[in-house]
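User: Please take a close look at one helix in this model. I want its surroundings and the neighbours that go with them.

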Amino acid sequence: MSFRIAPLFLQKDGFVSSISRFAPCEPAAAAPSSELICGEVDRVEKLIVVGNGMAGIGCVEQILKHAPKFEITVFGDETYANYNRILLSSVLAGEKQADEIVLNELSWYRRHGIALRLGVRVVSIDLTAKTVQGNDGSVTPFDKLILATGSSPFIPPMEGLERDGVFVFRTLDDTRSLIERSRPGMRAAVIGGGLLGLEAARGLQVQGCDVSVIHLMDSLMERQLDATGSAMLAAQMRRMGIDVLLGRSTTAILGNGHVEGLRFKDGSSLDAEMVVIAAGIRPNAALARDAGLTVNRGIVVDDYLETSHPDVYAVGECVEHRGVCYGLVAPLLEQGKVLAATITGNRGQAFEAALPAAKLKIMGVEVFSAGQWDETKDPALEVVRYEDPSQGLYKKLVLHDGRLTGFILVGDTQESPRYLDWLKSGRDLSAKRRHILFPPPVEDAGIDIARIAESETVCGCMGVTKGEIIRAVHEKGIGTMAQLKECTRASTGCGSCTALCRQLLKTVVPDFEEETRKVLCKCVPFAEETLREMVRSQQLRSVHEVLEIYGNGAGCEICKPALSYMLDMVWCGDHEEDRSARFINDRVHANIQKDGSFSVVPRMRGGVTSAAELRKIADAADKYNVRMVKITGSQRIDLLGVAKADLPRIWADLGMPSGQAYTKGVRMVKTCVGAEFCRFGVQDSTSAGIELERRLENLFTPHKVKMGVVGCPRNCAEATVKDIGLVGQEGSWQVVVGGAAGKKVRKADLLVTVESTEGALEAAAIFFQYYREHANYMERTYDFIERVGIDRVRKETVYAPAEQRQALLERLRKAKNLSRDAWLERDAPRTAAQFIPIQALEGAIQ
């Protein structure tokens, strides 16, 4: 009689509900050889994975693809499901929430029958008994064991490590601790100028801290960049307001119980209230060493990730392969693929020493380095380079006998696939020397994509190859970037591979629509950016002039409102206003309804009104037989059903400014009651909201702009789903941008954290003007943020040089000074006869 093992299920406590429960089954059918297998047991082996991180679970994902017969148990030190460590800096910077970086939900473990032991550290391995013991006292047997214990932060020897305010930056808990401790104006010191240190510095700066980076070496990221590339990166960081101290050895953390500063080997010191140590990592190999496995710096493995014990394997940052320990994700995920094939009996290609290559995005600056780029190590190497510090561009190609041995790209990495192909193929580039730095474009852009081997890694953060993307297209039918991200996780890390992923999709997917700069319309066949430059350079100040010189002379309902806004923005209101070029709502200063009537919304800054204003509104509603008086979601009162002929008179009777509830401009600022009345309030949100509305009202924008101000993180006025939001915190404000709560729901991105209300208002104003000047017409802030990227927005607004910020504010002040209230301006229509006939507006109402 043969036996069948009962199914295994993950329970809420992380244990398997039924283990080794057997049920009798019928004899198996005769095999072709006439040998009966009746009496054999379909034994399921017990596989334990020590480590619930990206490398360990990445390997498990690959094992599952081989349809193995394993009963899998995963132990994880942390209490979270597997998450993307690459995006911890985004959590620190407020760009993502912790739940947004989870790679494998608990349901994934349950679906695959994996027993997940969260918060349980394996403290010992008995190789003879083949068991592991957890720190909870549990003993679990295994047939096969995978060690994916990762690495730990390297802590340089120095005094004062025990002081309050010393942190590392390695886990989600570390990140949360940094967020809780940081506050605007706090002096934070980051020890370590590698990738992790720079990402920590970026996140702390967004939290409002004054950040200094201290690095032992004379250049940042010395393993990926030469002195020139490092200097360019350091200059960019300084421009963004981060102090960079190079060649400094920290000997002590100063303070009386809590951090007060740092002391360096040269005797100098630095004031600091928080210290983050990000000076590198060391493999977690102690568990393997204590068990008797061969360990040098890391757990020694062969080309198939096998350790010195035949049933024990290792993967990830804890591994040492041919003397090398890897820290980047791509080679670790490649290790997982090799190990999965080996452990499931499908041994194939061996793991090869990975080409030293790093494609990163640091402080918003794209960096790519690969191969042997240090020409000082071999006199036979020659260098071809280009640098433009003002643009933040640097290219360095190192050759030997006409063949590429390595390269560095800073600021512009779009040629990296081509250079990487030259590097791996060893192609003779002698005939290309004239164009080697700036290769001419090929006639068919798909040719370069076709030359990339399918085994080539496209997304270094997630270890996704070209072949995996192509298979996802053919097997799963993906055809958009969003589907690609969801299916393969490509382009979900630092984002530097997005352009290559898009080009690959364009080549493979027949109907893939690439994002291109579209012309405004057929009447004016130019992109908006080009038109803006034409308007400036040619001093054009009317819609009629633009259409006569660059268009068809007539225009339409699409281009005329866009040009009208463009002129208003470029000349800060000092242009020839053509009311007929505006949308219908802007022409008549009210919101047209489907029955041809209009709605009238008086201004109530911050949603605050008075008894006198309410009486005016009530009297007007009665006098003009308003069919409905409605409280809007924006804390305003809407008078609906007003006849066109009554509009001039109802404005005059109300005697209140327009609430601009109809225009492509500032709509309103929604507020909560804030600290004045609310027991949870920590900031005066009402006053701040009224002032924000006062500073920005009556200004046109590419699309409507809705704002919110809340006095505490409880977010009663939904500031985090507004175009611009101010979120009050104890002693600070968060300024968030790009939120949405309509057809598309999007949580706003954190722009900056500031100490004062005035600082928050100024940051909001700087972003507001930047959006006015750079967004396309009819592009909401959330689409603008996603198109441009929050890093670039920060870099060119709140972290821009002071003169650049002041220039934005000055242009905003000029536009504000020339703006007028639509209902009260002298040239506003005063009689019904002055309105454009309603029949002429058909087809133009939007």
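Analyst: Here is a walk through one helix, then a partner helix and its own packing. The model is predicted.

Start with α16, which covers residues 559-570. Its 12 residues reach 16 Å from the first C-alpha to the last, close to the 16 Å expected at 1.5 Å a residue. Of these 12 residues, 11 are buried, so α16 is largely enclosed by the rest of the structure. The buried set runs through Cys 559, Pro 561, Ala 562, Leu 563, Ser 564 and Tyr 565. It also includes Met 566, Leu 567, Asp 568, Met 569 and Val 570.

What do the buried residues of α16 pack against? Two strands are among the partners: β30 (519-521) and β31 (524-527). Helices α14 (528-537), α15 (543-550) and α21 are partners too. Just after α16, Cys 572 takes a positive phi of about 55°.

Now follow α21, residues 757-774, to another contact. This helix packs with α22 (residues 781-788) at an angle of about 80°, and their axes are 11 Å apart. An angle of 65 to 115 degrees counts as roughly perpendicular, so α21 is roughly perpendicular to α22. On the α21 side, the contact is made by Phe 767, Tyr 770, Tyr 771 and His 774. Thr 781, Phe 784, Ile 785, Arg 787 and Val 788 make it from α22. By class, the contact residues divide into 6 nonpolar, 2 polar and 1 charged.

Key. Residues are numbered from 1 along each chain as its sequence is written. This is a predicted model: local features need pLDDT of at least 70, side-chain atom pairs count only at pLDDT 80 or more; totals for chains, interfaces and linings use all residues. Side-chain values use heavy atoms; hydrogens and water are left out. Axes are lines fitted to C-alpha atoms, for helices over the stretch in contact, and angles run from 0 to 180 degrees between N-to-C directions. Helices (H or I, at least four residues) and strands (E, at least two) are DSSP runs, numbered from the N terminus. Angles under 35 degrees count as roughly parallel, over 145 as roughly antiparallel, 65 to 115 as roughly perpendicular and the rest as oblique. Contact means heavy atoms within 4.5 Å. Ala, Val, Leu, Ile, Met, Phe, Trp, Tyr, Cys and Pro count as nonpolar, Asp, Glu, Lys and Arg as charged, and the others, Gly among them, as polar. The expected span of a helix is 1.5 Å times one less than its number of residues. Buried means under 20% relative accessible area, exposed over 50%, partly exposed in between (1.4 Å probe, protein chains only).
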